[in-house]
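Subject: Handover of a structure and the findings

Dear colleague,

Please find below the structure that I am handing over to you. My account of what was found in it follows.

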Amino acid sequence: MLICIIIGKTAAQQFSISGMALDKQSGEPLQFATIRVLKLNKGTTTNAFGDYTIKLGRGNYTLVASFMGYVSDTMQVAITEKKSNVIFRLQQADVHLPPVTVFPGENPAVPIIRQAIKRKKQRAELLKTFEYTAYTKVRVKTTEKLLKTDGNEITLLYSGPDTSAMKLGAIFENQSQGFRKGKLSKEIIVARKQTANLPSYVNTITGGRIMQDFNSETVQFLNRSLTGPLAENGLEYYYYRILDSLAIDSRPVYKLLITPDDSLDPGFTGDLYIAADNFDLLKVVLSINKAADKMGITDSVHIFQQYAAYGDEELMMPVDYRMDVKVNFMNIIKVGFDVNTVLSEYQINQPISDGFFDMAAITVRTDADKKDSLYWGNMQVIPSTTEELIAYKELDSAENTPKTFWQRNSWISDTWNIGKHHDISAPLGMYNFNRVEGHTLGFSVFANDLLEKRLKYNTGWSYGFSDRKWKGELEGEYKFGEYRTAYVQAKVFKKTPFVMDDANYFGNWINGLLTLCSKSESNHYYYSNGFSFKVGSEVLPVLSLSAGFNNHTDKSAVKNTDFSFIRKNDKYKTNERINDLHLNEISFGFQFDFRDYMEDGLQRRRMGSGKGYILISGEYLISDKTIGSEKDFNISRLKINGRIPGFKETSLSYVLEGVYANKGLPWQKMIPMQGGGDGFITDQSFRTFWVNEFFGDRTAELHLNYNFSDTWLRATDISFLKQAGLGLTTFFSAALLSTSNATKQFSSRYSKELLHPLYEAGFGLSYPKFPMSIEFAWRLNYREGNRFKIGVNAVMR
């Protein structure tokens, strides 16, 4: 038995084979040469110094080193122990090009690209499915320190104006398995590790997710849909030129320059390497031009990718992918990213059922974070440099060293971190103002990610110096299930909410500041105290259900102060009385969410992507005297919202929402049409409405926003307009509103009804570096009152 165990362990043991790939004549190292193990579909690449490492079990192997412009070097190795200094010496290859038909006056590169596009189509027809293993390493370089302030946040600590040198600030590595079938894809992360200053959830950038297919019609970069180097319209969009003739082994290769015909059009510049015999794409060394970076935050983006033949059809598949990005935000913060991925162990055109590709587009195995150093020693494909080993040691040590209070916090934050899981109110979060409570001081404590990131709670108290009342709140949530997809929430409160609290989409702090600076306040307030309880769960990957109970007593409040920074002699308007009531309410809710998600080991996180999506949600709320309520009523809500991709990076977002109430609503429960006529706008507001100008108990609204980005300017073909980089958004909204007789009699407060649809439309202009757009809106009918408005929409376009 002992002998069998020893033999079994020895057979499974992985040995490290390391060395270099060199130019045979000069002895110079060959950067990013491919090292493959014949008959195993396994391989790696050399690093920037020509070094490589590959892990193999005991046995005899044939290793092949290849590099563009050289004859491959083959070596037989018998593996019984660790081997180092295994050197490949590659001889430069002679070039013998086959003839290419060139028409008189035609650029010689054009027929090559024409044939490469034809070959690309053939490849797409032959490639039905493929599987692979990827090892990915991402290095982050900064002029500032990266600090993980808690389980969910990463902070850049500014270290001064000297941005001359960036240091290695973080590293993460992972091993993944990828599966593709047409447009279907799935990634499984089997192992991952990162420096201690990064939370594990950021370590989901796998080789399959970032790897670009340069054989496709379009390639996504920096939220741009760029024309692919071998796109069907590539010959109209790009300029190509033959730069050189090379060979790999005895296979001749064309090296071609690629750059957009118009430098103001976004696209790729650099080199393509295309086989001269069958016109396969073998290698790309590319950058994206300045026009492709519409936000203007990158100094450079460089991409390097090589291909090798796999499968019976000898299809060219990516074997490595390298990307180097240098970010420069207004010369204040500089950050660099370099991504290195090695892909191997391809299985081409093996059967994969459609059912395998479920909504979990990315899954992190539960033991992925538990792999030990022995596992990584056997698996790691790209060897760690001395700089990386030092960085792991220093960053892990620094992260475990206690941080000072001011290393974790800032004066401009509304909360301060006081521990791994706890935050408290910062000065900006302690103050509030309204005409009922007056100047208000409060203090809150927040706890997150307790009990294996299942429990969170917050509690806080405040005192209004004008109404002389204490308010407070205690709220908690606990999540259940492997991916925390079920929850229970509880809350006890004594507070001063808005009438029609649905309209509070700016938050108390902003509303208070606006009130002090404008001597104008659209909201009305009341006192409410009670408790609530809610449970919910994801019952299907696309369906979540919830149920809740609310008990609260609502009482009217009065205006208690006229203080402001301006117009001090003016008076605030009266704070209107509500319907004083004790209410018990039961609610039921649902949501259909058809987006793919990521299972990151702890949670399911819905993924935003270039694909469109749709969300359907609804709620039914009932208040009835049989459950102790002083007023009978019910409210039904249905909301459909989503996004539809358009051409290039344009898209249409939409919201359709309806609310229907019966038996008469109290004023504080009325349904407002969100207005933005005070100058602050959201995509789901009516730009020409004042806040709370229109409300009722039966409403329907439609919002359509089409984001053209800067494609509208690029379509003009006028140079100075292309350079302007202005984004354009157009929008259209429609509303129907009525108030039932029961609500009119009970509440005695209701707005003008919109029994025929009200329409408004307009457009917004944005500049990529600023997270807002200036919007211009016109009311198309019901033209009394606010017909034209200009406002600010604080949304990054």
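**A buried salt bridge and its surroundings**

Arg687 has a relative accessibility of 1% and therefore counts as buried. Please bear in mind that the model is a predicted one. The side chain of Arg687 meets that of Glu775 in a salt bridge, at 2.9 Å from N to O. Distant parts of the chain are linked by this pair: Arg687 belongs to the loop between strand 40 (680–681) and strand 41 (695–696), while Glu775 belongs to strand 45, and 88 residues separate the two. Glu775 also counts as buried, because its relative accessibility is 0% and the cut-off for buried is under 20%.

Glu775 has a further role in the description, as the residue that Gly764 stands opposite in strand 45. Strand 45 (residues 773–779) runs antiparallel to strand 44, and seven bridges join them. These two strands, 44 and 45, form a hairpin, and six residues lie between them. Strand 44 (residues 754–766) also pairs with strand 43 (residues 727–738), in the antiparallel sense and over 10 bridges. One position in that pairing is Phe732, whose bridge partner in strand 44 is Ala761.

**Salt bridges elsewhere**

How many salt bridges does a search of the whole structure find? The search finds 39. As general background, side chains of opposite charge can pair when their charged atoms come close. Two further pairs are described here, each with one partner in helix 2.

In the pair formed by Arg119 and Asp280, the side chains meet in a salt bridge of 2.8 Å, N to O. Arg119 is in helix 2 (residues 109–126) and Asp280 is in the loop between strand 18 (268–275) and strand 19 (281–288), so this salt bridge ties together parts that lie 161 residues apart in sequence. Are the two residues buried or exposed? Arg119 counts as buried at 12% relative accessibility, and Asp280 is buried as well, with a relative accessible area of 4%.

In the other pair, Lys121 forms a salt bridge with Glu232, and their closest N and O atoms are 3.0 Å apart. Lys121 is in helix 2, whereas Glu232 is in the loop between strand 15 (224–227) and helix 4 (234–237), so the pair ties together parts that are 111 residues apart in sequence. Lys121 counts as partly exposed at 38% relative accessibility. Glu232 is likewise partly exposed, its relative accessible area being 44%.

There is also a network of salt bridges, in which Glu538, Asp593, Arg595, Glu599, Arg604 and Arg606 are linked.

**An open sheet of four strands**

Finally, I draw your attention to an open sheet. Four strands form this sheet in the order 3-2-5-7, and their pairing is antiparallel. Which strands lie at its edges? The edge strands are strand 3 (42–45) and strand 7 (73–79), each of which pairs on one side only. From one strand to the next, the twist averages 25°. Within the sheet, strand 5 (residues 59–66) pairs with strand 7 in the antiparallel sense, over seven bridges. Gly59 stands opposite Ile79 of strand 7.

With kind regards

Terms used. Residues are numbered from 1 along each chain as its sequence is written. This is a predicted model: local features need pLDDT of at least 70, side-chain atom pairs count only at pLDDT 80 or more; totals for chains, interfaces and linings use all residues. Side-chain values use heavy atoms; hydrogens and water are left out. Two strands pair if DSSP finds at least two bridges between them. Axes are lines fitted to C-alpha atoms, for helices over the stretch in contact, and angles run from 0 to 180 degrees between N-to-C directions. A salt bridge is a side-chain nitrogen of Lys or Arg within 4 Å of a carboxyl oxygen of Asp or Glu. Buried means under 20% relative accessible area, exposed over 50%, partly exposed in between (1.4 Å probe, protein chains only).
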